[in-house]
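Visitor: I have a sequence and a model open at the bench. Could you walk me through the structure?

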Amino acid sequence: CRCFTASHETLIWAKKSKEFKHTFNYELMKEMNDGKQMRSFWIIPTTPKKEKLLGKHPTQKPLELLRRIILSSSKEGDLILDPFVGSGSTGVSALMYNRRFIGIDMEKEYLELTYKRLKEYKVNRSEHDDK
């Protein structure tokens with residue numbers, strides 16, 4: 001209790017060249033924000049315990065944050081790259097919204113956590129698809 005709680009993330013939008021067209025799904029973001037233009041400041045609760053059942057990462061991001069990022073800036077079938085995969089939230093969210101995913105991390109422990117989370121998501125999804 002001697003400092004502020006970390007409560008922001010910095011997003012970087014980058015593209016290969018000026019000619020490369022980026023994706024921004026304005027209408028979807030507006031729809032997700034009750035018909036108003038989505039602002040750049042989002043209030044999203046910290047990662048819930050249910051997202052940490054298979055393991056924890058010190059900077060794990062909530063799926064809600066990744067949902068907004070992925071839906072705002074990609075199309076179905078796009079490839080999502082997370083060069084610091086951590087607990088795999090980006091990968092789980094990418095799969096949830098029909099995107100492909102590549103994750104990179106130097107720590108074997110976190111790659112294993114990501115693998116467990118992706119596997120769990122696929123198992124749960126296939127169980128729901130069967131019903």
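Guide: Happy to; here are some questions and answers on this chain, and please keep in mind that the model is predicted.

Visitor: Which pattern of helices and strands does the chain follow along the sequence?

Guide: Let's start with the inventory: the secondary structure comes to four helices and two strands. The C-alpha trace spans about 50 × 35 × 35 Å along its principal axes. Read along the sequence, the elements follow the pattern α-α-β-α-β-α.

Visitor: How much of the chain is buried?

Guide: The cut-off to keep in mind is that a buried residue has under 20% relative accessible area. On the outside, the accessible surface comes to about 10,500 Å², and 55% of that belongs to carbon and sulfur atoms. Of the 131 residues in the chain, the buried share is 28%.

Visitor: What is the handedness of the β-α-β crossover?

Guide: Strand 1 (residues 79-82) and strand 2 (residues 100-103) run parallel and are joined by four bridges. One pairing to look for is L79 with its bridge partner R100 in strand 2. Between these strands the chain passes through helix 3, and the crossover is right-handed.

Visitor: Which residues of strand 1 point to the buried face?

Guide: Side chains alternate along strand 1, so to speak, face by face. L79 and L81 point to one face and are not buried. Pointing to the other face, and buried, are I80 and D82.

Visitor: Why is helix 3 described as largely enclosed by the rest of the structure?

Guide: Look at the residues in turn: S89, T90, G91, V92, S93, A94 and L95 of helix 3 are buried. Just after the helix, N98 takes a positive phi of about 60°. Helix 3 counts as largely enclosed because of its buried residues, which number seven of the eight.

Visitor: Which residues make up the largest nonpolar core?

Guide: In soluble globular proteins, nonpolar side chains tend to be buried together. Here the largest such core holds five residues: L63, V92, L95, L118 and Y121. The elements giving two or more residues to this core are helix 3 (89-96) and helix 4 (108-129).

Visitor: What does L63 touch, leaving aside its neighbours within four places in sequence?

Guide: L63 is one of the residues of the largest nonpolar core, and V92, another of that core, is among its contacts. The full list for L63 is E51, S89, V92, S93, M96 and R117.

Visitor: Is K56 buried or exposed?

Guide: K56 lies in the loop between helix 1 (26-32) and helix 2 (63-73). Beyond four places in sequence, K56 touches Y110 and L113. Its C-alpha is 9.1 Å from that of G86, a residue 30 places away in sequence. Since exposed means over 50% relative accessible area, the 61% of K56 makes this residue exposed.

Visitor: And H57, is that residue buried or exposed?

Guide: H57 is also placed in the loop between helix 1 and helix 2. Not counting neighbours within four places in sequence, H57 is in contact with G86, S87 and Y110. A relative accessibility of 16% makes H57 buried.

Visitor: How far is the backbone nitrogen of T59 from a polar atom of the H57 side chain?

Guide: Start at the side chain of H57, which belongs to a buried residue. From one of its polar atoms to the backbone nitrogen of T59, the distance is 3.0 Å.

Definitions and conventions:
Residues are numbered from 1 along each chain as its sequence is written. This is a predicted model: local features need pLDDT of at least 70, side-chain atom pairs count only at pLDDT 80 or more; totals for chains, interfaces and linings use all residues. Side-chain values use heavy atoms; hydrogens and water are left out. A nonpolar core is a set of buried Ala, Val, Leu, Ile, Met, Phe, Trp, Tyr and Cys residues joined through side-chain atoms within 4.5 Å. Buried means under 20% relative accessible area, exposed over 50%, partly exposed in between (1.4 Å probe, protein chains only). Contact means heavy atoms within 4.5 Å. Two strands pair if DSSP finds at least two bridges between them. A crossover is right-handed if, with the strands pointing away from the viewer, the path from the first strand over the helix to the second runs clockwise. Accessible areas come from the Shrake-Rupley method with a 1.4 Å probe; for residues, only the protein chains shown count as cover. A polar contact is a pair of N or O atoms within 3.5 Å; within protein, one must be able to donate a hydrogen and the other to accept it, and residues adjacent in sequence count only if both atoms are side-chain atoms.
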